[in-house]
Amino acid sequence: PKEFHKNGDSQSIVRSTNDIRPGEGGVISRGDERIAVCRDTDGTLHAVSATCTHKGCTVTWNNADCTWDCPCHGSIFASNGAVIHGPARKPLVPVEL
Ligand code: FES
């Protein structure tokens with residue numbers, strides 16, 4: 001479906017948290033680390049590791065559902081990293097920005 005491509009890996013990579021608007025998310029790089037960052041509608045940033053806890057793919061932001069979705073096997077995580085849908089069983093790891 002269209003949404004899958006729209007939220008594909010390369011397009012969810014952003015340069016900095018400044019590029020993330022309220023209610024949206026994106027993946028930033030810090031060294032080898034990829035960090036999944038989303039911004040609340042009140043402007044607060046939430047950061048978790050972008051590495052899926054199933055087999056290590058990079059999650060992508062799903063703006064329609066405000067979730068982090070893994071393109072590899074379909075795991076879905078809440079914006080705070082909690083598992084909504086497997087096969088991942090552990091939440092995305094919190095990260096300090
Ligand atoms: Fe993410 Fe398998 S690596 S669901």
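Visitor: Which residues touch the most other members in the largest nonpolar core?
Guide: In this predicted model, the largest nonpolar core has 13 residues, and a second, separate core of seven residues includes Ile20, Ile28, Ala47 and Val95. Two residues of the largest core can be checked for burial, since buried means under 20% relative accessible area: Cys52 is at 5% and Trp68 at 0%. Those that touch the most other members of the largest core are Ala36, Cys52, Val59, Trp68, Phe77 and Leu92.

Visitor: In what order do the elements of the protein run from the N terminus on?
Guide: The secondary structure of the protein comes to one helix and seven strands, and of its 97 residues 37% count as buried. Read from the N terminus on, the elements run α-β-β-β-β-β-β-β.

Visitor: What positive phi does Gly31 have in the turn of the hairpin of S1 and S2?
Guide: Strand S1, residues 25-30, pairs with S2 in the antiparallel sense over six bridges, and Arg30 has Glu33 in S2 as its bridge partner. The two strands form a hairpin with two residues between them, and the phi of Gly31 in that turn is positive, at about 60 degrees.

Visitor: Which residue in S3 is the bridge partner of Ala36?
Guide: Strand S2, residues 33-39, is mostly covered, five of its seven residues being buried, and S2 pairs with strand S3, residues 45-49, in the antiparallel sense over five bridges. These two strands make a hairpin with five residues between them, where Gly43 takes a positive phi near 100 degrees. Across the pairing of S2 and S3, the bridge partner of Ala36 is Val48.

Visitor: Why is one side of each edge strand left without a neighbour in the sheet of S4, S5, S6 and S7, and which strands are these?
Guide: This open sheet is formed by four strands in the order S4-S5-S6-S7, with antiparallel pairing. The strands at the edges each have a single partner strand, so one side of each is left without a neighbour in the sheet; they are S4 and strand S7, residues 83-85.

Visitor: Which residue in S5 does Thr60 stand opposite?
Guide: The strands S4 and S5 run antiparallel and are joined by three bridges. Within that arrangement, the residue in S5 that stands opposite Thr60 is Asp69.

Visitor: Is the pair of rings of Trp61 and Trp68 stacked or edge-to-face?
Guide: The count of aromatic pairs comes to one. The ring centres of Trp61 and Trp68 are 4.8 Å apart, and both residues are buried, Trp61 at 5% relative accessibility and Trp68 with a relative accessible area of 0%. Planes over 60 degrees apart count as edge-to-face, and because the planes of Trp61 and Trp68 stand at 65 degrees, the pair is edge-to-face.

Visitor: Is the disulfide of Cys57 and Cys72 left-handed or right-handed?
Guide: A search of the whole structure finds one disulfide, formed by Cys57 and Cys72 with their sulfur atoms 1.9 Å apart. The pair links distant parts of the chain, 15 residues apart, with Cys57 in the loop between S3 and strand S4 and Cys72 in the loop between strand S5 and strand S6. The torsion about the S-S bond is about -90 degrees, so the disulfide is left-handed.

Visitor: Is Cys72 buried or partly exposed?
Guide: Burial requires a relative accessible area under 20%, and exposure one over 50%, with partly exposed in between. Cys70 counts as buried at 7% relative accessibility, whereas the value for Cys72 is 36%, so Cys72 is partly exposed.

Visitor: What positive phi does Cys66 have although it is not a glycine?
Guide: Most residues other than glycine have a negative phi, and most peptide bonds are trans. Cys66 is found in the loop between S4 and S5 and is partly exposed, with a relative accessible area of 37%. Although Cys66 is not a glycine, its phi is positive, at about 55 degrees.

Visitor: Is the peptide bond from Gly86 to Pro87 cis or trans?
Guide: Pro87 is found in the segment after S7. The omega of the bond from Gly86 to Pro87 is near 15 degrees, and this peptide bond is cis.

Key
Residues numbered from 1 in each chain as written. Predicted model: local features only at pLDDT ≥ 70, side-chain atom pairs only at ≥ 80, totals over all residues. Heavy atoms only, no water. Buried < 20%, exposed > 50% of the residue type's maximum accessible area, 1.4 Å probe, protein only. Pairing = 2+ DSSP bridges. Phe/Tyr/Trp six-rings, centres within 6.5 Å; stacked < 30°, edge-to-face > 60°. Disulfide = S-S within 2.5 Å. Core = buried A, V, L, I, M, F, W, Y, C linked by side-chain atoms within 4.5 Å.
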